[in-house]
Amino acid sequence: MTDERYGKCDVCRFCNHAGDVWTCTAEGRPVKPKDTCARYRPGCCENCSFADISEEVCGRTGEGIFLLGVCEDYDPCGRKSQ
């Protein structure tokens with residue numbers, strides 16, 4: 001069974017909200033929490049909250065990353081549970 005949150009804006013690190021107003025910061029457009037995010041790439045470092053995108057380093061392991069590489073520990077929601 002797949003996770004029903006999979007690929008939705010309300011779990012995407014690029015989608016932020018203030019009250020009921022949701023915005024995709026990567027694309028600069030309004031979204032709804034249950035929209036499917038066009039930038040969502042399952043398991044890739046670019047979509048992980050541990051990734052330091054500016055330095056291209058994994059904040060969890062300290063190793064270099066490829067932003068579009070798929071992490072072996074990825075969470076189907078695009079975020080690691082802490």
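Q: Taking contact to mean heavy atoms within 4.5 Å, which residues is Lys-8 in contact with, leaving aside its neighbours within four places in sequence?
A: The model is a predicted one, and in it Lys-8 lies in the segment before strand E1 (15-18). Once the neighbours of Lys-8 within four places in sequence are set aside, the residues in contact with Lys-8 are Pro-33, Lys-34, Asp-35 and Thr-36.

Q: How many Å apart in space are Lys-8 and Tyr-40, C-alpha to C-alpha?
A: Tyr-40 belongs to the largest nonpolar core, while Lys-8 is placed in the segment before strand E1. Along the sequence the two residues are 32 residues apart, yet from C-alpha to C-alpha the separation of Lys-8 and Tyr-40 in space is 8.1 Å.

Q: How many helices and how many strands are there in the chain?
A: Read from the N terminus on, the elements of the chain run β-β-β-β-β. The count that goes with this order is 0 helices and 5 strands.

Q: Among contacts between residues at least 6 apart in sequence, what percentage join residues at least 24 apart?
A: The chain has 82 residues, of which buried residues make up 30%. When contacts in the chain are restricted to residues at least 6 apart in sequence, the part that joins residues at least 24 apart is 47%.

Q: Which residues make up the largest nonpolar core?
A: Cys-15, one of its members, touches Cys-9, Trp-22, Thr-23, Cys-24, Val-31 and Cys-37 when residues up to four places away in sequence are not counted. Apart from this core lies another, of 6 residues, which includes Cys-45, Ala-51, Cys-58 and Ile-65. The largest core has 9 residues in all, namely Cys-9, Cys-12, Phe-14, Cys-15, Trp-22, Cys-24, Val-31, Cys-37 and Tyr-40.

Q: Why does Thr-25 count as partly exposed?
A: Thr-25 is found in the loop between strand E2 (21-24) and strand E3 (29-31). A residue is partly exposed when its relative accessible area falls between the limits of 20% for buried and 50% for exposed. Thr-25 counts as partly exposed because its relative accessibility is 47%.

Q: How many Å from a polar atom of the side chain of Thr-25 does the backbone oxygen of Phe-14 lie?
A: Not counting residues up to four places away in sequence, Thr-25 touches Phe-14 and Asn-16. The C-alpha atoms of Thr-25 and Arg-13, which are 12 residues apart along the chain, are separated by 9.0 Å. Between the backbone oxygen of Phe-14 and a polar atom of the Thr-25 side chain, the distance is 2.7 Å.

Q: Which residues are the closest to the centre of the largest pocket?
A: The largest pocket holds about 180 Å³ of space. Of the 13 residues that line this pocket, the closest to its centre are Cys-45, Cys-58, Thr-61, Ile-65 and Cys-71.

Q: How do the residues of the lining of the largest pocket divide into nonpolar, polar and charged?
A: Cys-45, Cys-58 and Ile-65 are among the lining residues closest to the pocket centre, and these three are also members of the core of 6 residues. For the lining as a whole, the division is 8 nonpolar, 2 polar and 3 charged.

Q: What is the phi of Glu-56?
A: Glu-56 lies in the loop between strand E4 (51-52) and strand E5 (57-58), and with a relative accessible area of 40% this residue is partly exposed. Although Glu-56 is not a glycine, its phi is positive, at about 55°.

Q: Is Glu-72 buried or exposed?
A: Glu-72 lies in the segment after E5, where its C-alpha is 7.8 Å from that of Gly-43, although these two residues are 29 residues apart in sequence. Because its relative accessibility is 75%, Glu-72 counts as exposed.

Technical notes. Residues are numbered from 1 along each chain as its sequence is written. This is a predicted model: local features need pLDDT of at least 70, side-chain atom pairs count only at pLDDT 80 or more; totals for chains, interfaces and linings use all residues. Side-chain values use heavy atoms; hydrogens and water are left out. On a 1 Å grid over the protein atoms alone, a cavity is a set of points where a 1.4 Å probe fits but cannot get out, and a pocket is an open set with protein on both sides within 12 Å along at least five of seven lines; lining residues have an atom within 4 Å of a point. Grid points are joined across faces, edges and corners, and a volume is the space filled by probe spheres set on the points. Ala, Val, Leu, Ile, Met, Phe, Trp, Tyr, Cys and Pro count as nonpolar, Asp, Glu, Lys and Arg as charged, and the others, Gly among them, as polar. Helices (H or I, at least four residues) and strands (E, at least two) are DSSP runs, numbered from the N terminus. Buried means under 20% relative accessible area, exposed over 50%, partly exposed in between (1.4 Å probe, protein chains only). Contact means heavy atoms within 4.5 Å. A polar contact is a pair of N or O atoms within 3.5 Å; within protein, one must be able to donate a hydrogen and the other to accept it, and residues adjacent in sequence count only if both atoms are side-chain atoms. A nonpolar core is a set of buried Ala, Val, Leu, Ile, Met, Phe, Trp, Tyr and Cys residues joined through side-chain atoms within 4.5 Å.
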